[in-house]
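The following exercises invite the reader to examine one protein model step by step. Please study the sequence and the structure before turning to the solutions.

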Amino acid sequence: MSYIVEKIIDQLIDLEIEFGVEKEKLIIYNSLDLIPTSLLVEIKKNKKKLIDFLIETSNDNLSIPSAPTSRDNGYPISDAQRRIWVLSQFRGG
């Protein structure tokens with residue numbers, strides 16, 4: 001991962017900004033007003049690198065484990081749980 005991508009992701013995590021990639025587009029789930037202008041500029045300049053990194057990371061990770069339940073096949077996780085899991089992986093979760 002390039003230094004700038006790592007720096008941007010760390011800043012987004014520190015600000016508790018949820019983000020991801022959907023249909024090869026970078027999605028910010030929070031209001032853009034919560035992101036400092038200087039960080040928005042960096043995101044726009046490095047958007048392609050961020051998207052590529054997030055796609056590569058999601059393809060490299062093993063499937064997200066289901067929580068153990070009394071059923072043999074477990075329950076599927078929600079989109080919110082999936083986002084939290086992905087963000088936790090950036091912090092060494």
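The exercises below proceed from the overall fold to single residues.

This is a predicted model, in which local features need pLDDT of at least 70, side-chain atom pairs count only at pLDDT 80 or more, and totals for chains, interfaces and linings use all residues. Residues are numbered from 1 along each chain as its sequence is written, and side-chain values use heavy atoms, with hydrogens and water left out.

**Exercise 1. The fold**

Determine how many helices and strands the protein chain has, and state their order.

Solution. Step one: the protein chain contains 4 helices and 2 strands. Helices (H or I, at least four residues) and strands (E, at least two) are DSSP runs, numbered from the N terminus. Step two: along the sequence, these elements follow the pattern α-β-β-α-α-α. Step three: of the 93 residues, 24% count as buried, where buried means under 20% relative accessible area, exposed over 50%, and partly exposed in between (1.4 Å probe, protein chains only).

**Exercise 2. The nonpolar core**

Identify which helices supply at least two residues each of the largest nonpolar core, and which helix gives the most.

Solution. Step one: a nonpolar core is a set of buried Ala, Val, Leu, Ile, Met, Phe, Trp, Tyr and Cys residues joined through side-chain atoms within 4.5 Å. Step two: the largest such core has 17 residues, and those touching the most other members are Ile9, Leu12, Phe19, Ile43, Leu50 and Phe90. Step three: at least two core residues come from each of helix H1 (3-14), helix H2 (37-45), helix H3 (47-60) and helix H4 (79-90). H1 gives the most, with 5 residues. Step four: Leu50 touches Val5, Ile8, Ile9, Leu26 and Ile43, residues up to four places away in sequence not being counted. Contact here means heavy atoms within 4.5 Å.

**Exercise 3. The packing of H1 and H2**

Describe how the axes of H1 and H2 are placed, and name the residues that meet.

Solution. Step one: two packed helices are described by the angle between their axes and the distance between the axes. Step two: the axes of H1 and H2 come within 11 Å and cross at roughly 135°. H1 is therefore oblique to H2, as angles under 35 degrees count as roughly parallel, over 145 as roughly antiparallel, 65 to 115 as roughly perpendicular and the rest as oblique. Step three: Ile4, Ile8, Gln11 and Leu12 in H1 meet Leu39, Glu42 and Ile43 in H2.

**Exercise 4. Two positive phi values**

Find where Glu16 and Lys23 lie, and decide whether each is buried or exposed.

Solution. Step one: most residues other than glycine have a negative phi. Step two: Glu16, although not a glycine, has a positive phi of about 60°. Glu16 is in the loop between H1 and strand S1 (19-22) and counts as exposed at 66% relative accessibility. Step three: Lys23 likewise has a positive phi, near 55°. Lys23 is placed in the loop between S1 and strand S2 (25-28) and is exposed, with a relative accessible area of 81%.

**Exercise 5. Two further residues**

Are Asn46 and Ile13 buried or exposed?

Solution. Step one: Asn46, in the loop between H2 and H3, is buried, with a relative accessible area of 8%. Leaving aside neighbours within four places in sequence, Asn46 is in contact with Ile4 and Ile8. Step two: Ile13, in helix H1, is buried at 7% relative accessible area. Step three: Ile13 and Phe90 are 77 residues apart in sequence and 8.4 Å apart in space, C-alpha to C-alpha.

Technical notes
Axes are lines fitted to C-alpha atoms, for helices over the stretch in contact, and angles run from 0 to 180 degrees between N-to-C directions.
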